[in-house]
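Let's take a walk through this one together. Keep the viewer open and follow along as we go from stop to stop.

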Amino acid sequence: MRRIPLVALVLVLALVLPIFSACNSANETQTETTTSAKTNDKTINVEIITTVEETTIVEETTTVEETATAEETTTVEEMTTVEETTTVEETTTVEETTTVEETTTVEETTTVEETATVEETTTVEETTTVEETTTVEETATAEETTTVEETTTVEETTTAEETTTVEETTTAEETTTEEEASDLPSSLLENKVVVNFGDSIFGNYRGEDSISAFLASYTGATVYNCGFGGCRMASHSLDNYDAFCMYRLAYAVANNDYSVQDSALDMNADIELPWYFDEALATLKSIDFSKVDIITISYGTNDFTGWKSLENSDDPYDVTKFGGAMRYSIETILEAYPNIQIYVCSQTYRFWVDSEGGFIEDSDTKKVGKFILTDFVARTKEISEEYGLAYIDNYYELGINKLNRTEYFSNTDGTHPNAKGRELMAKFIASKLCKTQ
C-alpha cells in the first residue's frame, strides 16, 4: 500500500477546509433567511390585521380621516399589540396626547354645540364623528389636525351665516327703533290711503299740527282726518252727535249713505256741533273706500266719561254699549270692504285738574260709574284680538304718564294732547303701520 505524501495531505486539507466553512456559512445564512422569513410573515400578519382595523376605523369615522390618520393609528396599535419594546417615553407621549385630545374634544364640542344652533343636525353628526374617532385612536396627532381643520371650516361657515343673520336682525331692529323713535322715512307708505276715525283728539285739530298731518309726513301716505269731536264708539244721547259716532259712520261708509249725517248738520239742537263737522263730513264723502288701504279707529274716552257700559251680555252687538258698537263697526266695514286693514287704537292717558290747573286725578284711578278708563283699554284689545286686527296701545306703550304729562298736555287740559303729544302719537302710530306693511 502506497503512502500518501505528507505534503499532498496538507494540500487536500487546505482545499477541503474552505469548502466546509462555506457550507457552514450557507447553513447559517439559510437559518437567518428562515428567521427573516418568519419575521416577515409576522409583519405581514400584523399589516393585514392593521388593514382590517384601518377599514373598520374609516367606516366608523365616516371617511372623515384620511390614510395618514389610519397609519398613525397603526403605529399606536402596533405598540400595544406587537412591539412591546416601545420606549416608556413614547408611552408617556401617548398619555399626554390623550389628555390634550380630551381637553380639545371638550372645547370642540362646545364650539360645535354653539354651531349646532345654526348648522342643525349635520354639525351635531360631525361632532359625534370626532368623539368616536377620539375614543378609538387616542394618539393620532394627524387626526387631531384633520378634525380641527374640518371643525374650523364648519365654524368659519357658521360664522358667516351667523354674521349674516345678526346683521339682518340688527338692521331690522335698528330700523324699527328709528321708526318708533323719530326719523321715519317719509315714503314707507307711499301710495297708500289711510283714513283716521276718532273723536276730538283727532278731529279738533285740522292743520299741520294734527295727528293726521304728522302721520302723513312720517309715512308718505295720503291721510284723511275723519275725526269728530265729542263722539263715541257707541250711541250718544244727543241725536246730532249720535250721527257722527263710529257705529253710524261705519254704516254710512259701508252703504255710501250719509243721509243721517246730513240731517244732523241741519238739525236745530240745543248743543251745536263743532264748526269743522261740515268740512270733515265733506272729506268723508269724497273718499273712495274701494281704494282705501288702512283705517284707524280711535274712540273710547267719551264712552268712559259718558257712563257707557262695556257690554250687553245678552247682545254682543248692542250699539248702546262700547263693545257691541265696536263689533258692529268692524264687521260692517269689513263686510263691505274686506280689502281694508283696520288698526284699532286704544284710549290715551288723561288726567283732571282744578280751575287753577292743580292735579286732581288721572285715568289710572278715576272711576266713572263702575269703570275706570283702563277697563276700556283692556276691552279694546280683547275685541281687536277677537277679529285678528292690529292693535295699537296708546295707553301703556306710548310713553305718556303722570310723571311727564305736562310735556305732552297743557296745564289746563288733560284730555287733548298738545302739539308735541300729537306728534308723539303720530310717530307711534306710524311705526305700527309701517311695521306691518
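Start with T219, which sits in helix α7, the stretch covering residues 211–219. Is T219 buried or exposed? It's buried, with a relative accessible area of 0%. If you want a partner to look for, try K192: the two residues are 27 apart along the chain, and their C-alpha atoms are separated by 9.1 Å.

Before going further, a word on what you're looking at. This is a predicted model, and the chain averages a pLDDT of 71, with 57% of the residues scoring at least 70. The part to be wary of is residues 23–182, where pLDDT stays under 50. The model does have 100 contacts beyond four places in sequence for that stretch. Still, where pLDDT is low, the predicted coordinates should not be read in detail.

Next, move along to helix α11, residues 277–286, and pick out A280. A280 is buried too, with a relative accessible area of 0%. What does A280 touch, leaving aside its neighbours within four places in sequence? The answer is R206, G227 and F228. Of these, F228 lies 52 residues from A280 along the chain, yet the C-alpha atoms of the pair are separated by 7.5 Å.

Now for some strands. β5 (residues 351–353) and β6 (residues 359–362) run antiparallel and are joined by three bridges. Across this pairing, F351 stands opposite D362 of β6. The two strands make a hairpin with five residues between them, and in that turn you'll find G357, whose phi is positive at about 85 degrees.

Step back from β5 into the loop that links it to β4 (341–345), and you meet R350. Here's a residue worth a pause. R350 is buried, yet it has no salt bridge. Which side chain of opposite charge is nearest to R350? That would be D413, 6.6 Å away. A salt bridge needs the nitrogen and the carboxyl oxygen within 4 Å, so D413 at 6.6 Å doesn't qualify.

What R350 does have is a pair of threonines to talk to. Its side chain makes a polar contact with the side chain of T301 at 2.7 Å, and R350 makes another, side chain to side chain, with T415 at 2.6 Å. Not counting residues up to four places away in sequence, R350 also touches T305, D362, S363, L373 and G414, among others. D362 should ring a bell: it's the β6 residue that stands opposite F351.

Technical notes. Residues are numbered from 1 along each chain as its sequence is written. This is a predicted model: local features need pLDDT of at least 70, side-chain atom pairs count only at pLDDT 80 or more; totals for chains, interfaces and linings use all residues. Side-chain values use heavy atoms; hydrogens and water are left out. pLDDT is the predictor's confidence in each residue, from 0 to 100. Contact means heavy atoms within 4.5 Å. Helices (H or I, at least four residues) and strands (E, at least two) are DSSP runs, numbered from the N terminus. Buried means under 20% relative accessible area, exposed over 50%, partly exposed in between (1.4 Å probe, protein chains only). Two strands pair if DSSP finds at least two bridges between them. Lys and Arg count as positive and Asp and Glu as negative; His and the chain ends are not counted. A polar contact is a pair of N or O atoms within 3.5 Å; within protein, one must be able to donate a hydrogen and the other to accept it, and residues adjacent in sequence count only if both atoms are side-chain atoms.
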